[in-house]
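Please open the structure in your viewer and keep the selection tool at hand. The tour proceeds step by step, with a short note on what is found at each stop.

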Amino acid sequence: MTPTWWAVVALVALGIVLTVAAVTLVPWRVHSPTRAERAAALADVPAGVVTRGRALHAALRPSSYGSLLVGLVVPLLLGLTPAGARIVVWVGQPFGGHWLAQALVGGLVIMMMLWLVALPFGAWRHTVLRDYGLSTQDWGGWAADLFKGSAVGAVIGAVVLGGFYTLTHLAPDWWWAFGAVGAAAVVVLLSFVFPVLVEPVFNTFTPMPAGPLRDELRTMAARDGMPVRDVLVADASRRTTGLNAYVSGLGRTRRIVVYDTLLREAPPGEVRSVVAHELGHTKDRDAELAALLGAIGAAAAVVALYLLGQWGALLRRAGVNSIGSPTAMGLVLAAVAVAGLVSGPAQNLVSRRVEARADRHAVRLTGDSAEFAAMQLRLAEVNITDVHPPRIEYLLFATHPDTVERLAAAR
Ligand SMILES: [Zn+2]
């Protein structure tokens with residue numbers, strides 16, 4: 001069998017494994033509120049909260065769609081015309097056209113281009129969030145975060161590009177096999193190791209002062225079978241008024257992290273509900289599930305990319321000889337952009353099911369659905385959430401059930 005046929009076999013096998021994993025491991029059976037239950041829950045939300053959430057959502061819409069559009073159009077322009085190949089060849093010239101220079105410098109230049117076209121939309125979004133009082137960051141802080149984020153992105157990008165093009169260079173016919181394994185490993189690494197390393201770049205953590213709330217959270221975690229070493233407070237108020245908490249670390253390093261905003265805004269009972277939801281994610285191994293599905297998906301994407309590279313007309317259009325060449329980076333980006341757009345709604349659907357299960361866990365663990373509902377209303381009010389977004393946007397973008405659904409489920 002030729003490498004191409006092996007790739008076809010691998011892609012079919014990965015497709016089957018992904019389907020089986022998604023069907024059996026995603027909590028499809030968690031109750032979804034009916035239309036009547038949702039209508040009843042909507043009546044519980046104060047009119048002011050509904051209006052304000054809708055208004056913010058409408059104000060953000062142009063920048064959301066704008067960045068979505070340029071994030072698709074620019075890669076397509078780079079990949080479906082010879083433009084991307086010309087840029088990579090051009091920036092590689094001072095280095096004698098060496099493939100590694102093309103990969104790293106070309107990659108950096110193209111990443112910066114994508115970053116620059118997205119920048120105005122990010123700035124626009126920041127303006128809106130500031131107008132609504134949701135962001136507390138001045139432009140200096142915003143720019144500093146942007147800089148840190150792109151520095152982290154550049155490091156990861158360089159490792160991924162360097163690794164990928166070393167493989168395509170050394171194993172022109174079989175890179176997809178090693179690449180699939182590598183991509184799966186990168187997903188797992190980014191899911192578990194990366195958050196622990198990157199968290200401190202953006203936030204400072206301090207132990208929660210001893211007191212009844214800290215004891216209560218620790219007791220609740222232990223009762224849930226997941227003892228935590230620490231309860232930490234993140235200085236999120238530096239950038240946002242938004243409320244959140246999460247559980248990070250594994251086993252003995254496991255800790256609860258609570259935003260300082262949440263402690264300031266919400267009474268202890270509601271903090272408990274938020275933390276109980278996060279404990280649900282840990283207990284049901286939702287991060288592991290996301291990493292598993294993501295790893296299989298990434299492996300399949302690499303194999304699919306190789307097979308896409310067998311399409312001669314597409315390569316000619318991009319002005320390249322092989323999809324494994326750094327000059328075809330634009331074409332790879334175009335494929336990644338399209339794949340992201342297509343798979344996004346499916347990933348969000350899975351995410352919403354997992355979130356609904358964590359909500360159910362929170363209500364069961366605290367035994368207090370009224371507190372959970374109060375917490376949802378507070379989150380909607382403080383985070384200025386659209387409590388019941390338009391259906392199409394819900395399907396495309398929502399990673400969580402909307403507020404109305406979560407309230408209805410809690411009832
Ligand atoms: Zn969650």
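Begin by selecting helix H10, which covers residues 268-283. Within this helix, highlight His277 and His281: they are about one helical turn apart because 4 residues separate them in H10. Please note that the model is a predicted one.

Are these two histidines buried or exposed? Both His277 and His281 are buried.

Next, select the zinc ion. Which protein residues act as its donors? They are His277 and His281, each through NE2, and Glu355, through OE. The donors lie 2.0 to 2.1 Å from the zinc ion. Along the sequence, the spacing of these donor residues follows the pattern H-x3-H-x73-E.

Now return to H10 and display the strands beside the helix. H10 lies across E3 and E4, and the helix runs at about 35° to E3.

From there, extend the selection to the whole sheet. This open sheet is formed by 4 strands, ordered E1-E2-E4-E3, with mixed pairing. At its edges are strand E1 (205-207) and strand E3 (245-248), each of which pairs on one side only. On average, neighbouring strands of the sheet are turned by 30° against each other, direction ignored.

For the last stop, select strand E2 (residues 230-234) together with strand E4 (residues 255-259). In which sense do E2 and E4 pair, and over how many bridges? Their pairing is parallel and extends over 5 bridges. To view one bridge in detail, select Ala234, whose bridge partner in E4 is Tyr259.

How values were computed
Residues are numbered from 1 along each chain as its sequence is written. This is a predicted model: local features need pLDDT of at least 70, side-chain atom pairs count only at pLDDT 80 or more; totals for chains, interfaces and linings use all residues. Side-chain values use heavy atoms; hydrogens and water are left out. Donors are N, O and S atoms within 2.8 Å of the metal (3.2 Å for Na, K and Ca); water is not among the atoms, so sites may look incomplete. Helices (H or I, at least four residues) and strands (E, at least two) are DSSP runs, numbered from the N terminus. Buried means under 20% relative accessible area, exposed over 50%, partly exposed in between (1.4 Å probe, protein chains only). Two strands pair if DSSP finds at least two bridges between them. Axes are lines fitted to C-alpha atoms, for helices over the stretch in contact, and angles run from 0 to 180 degrees between N-to-C directions. Contact means heavy atoms within 4.5 Å.
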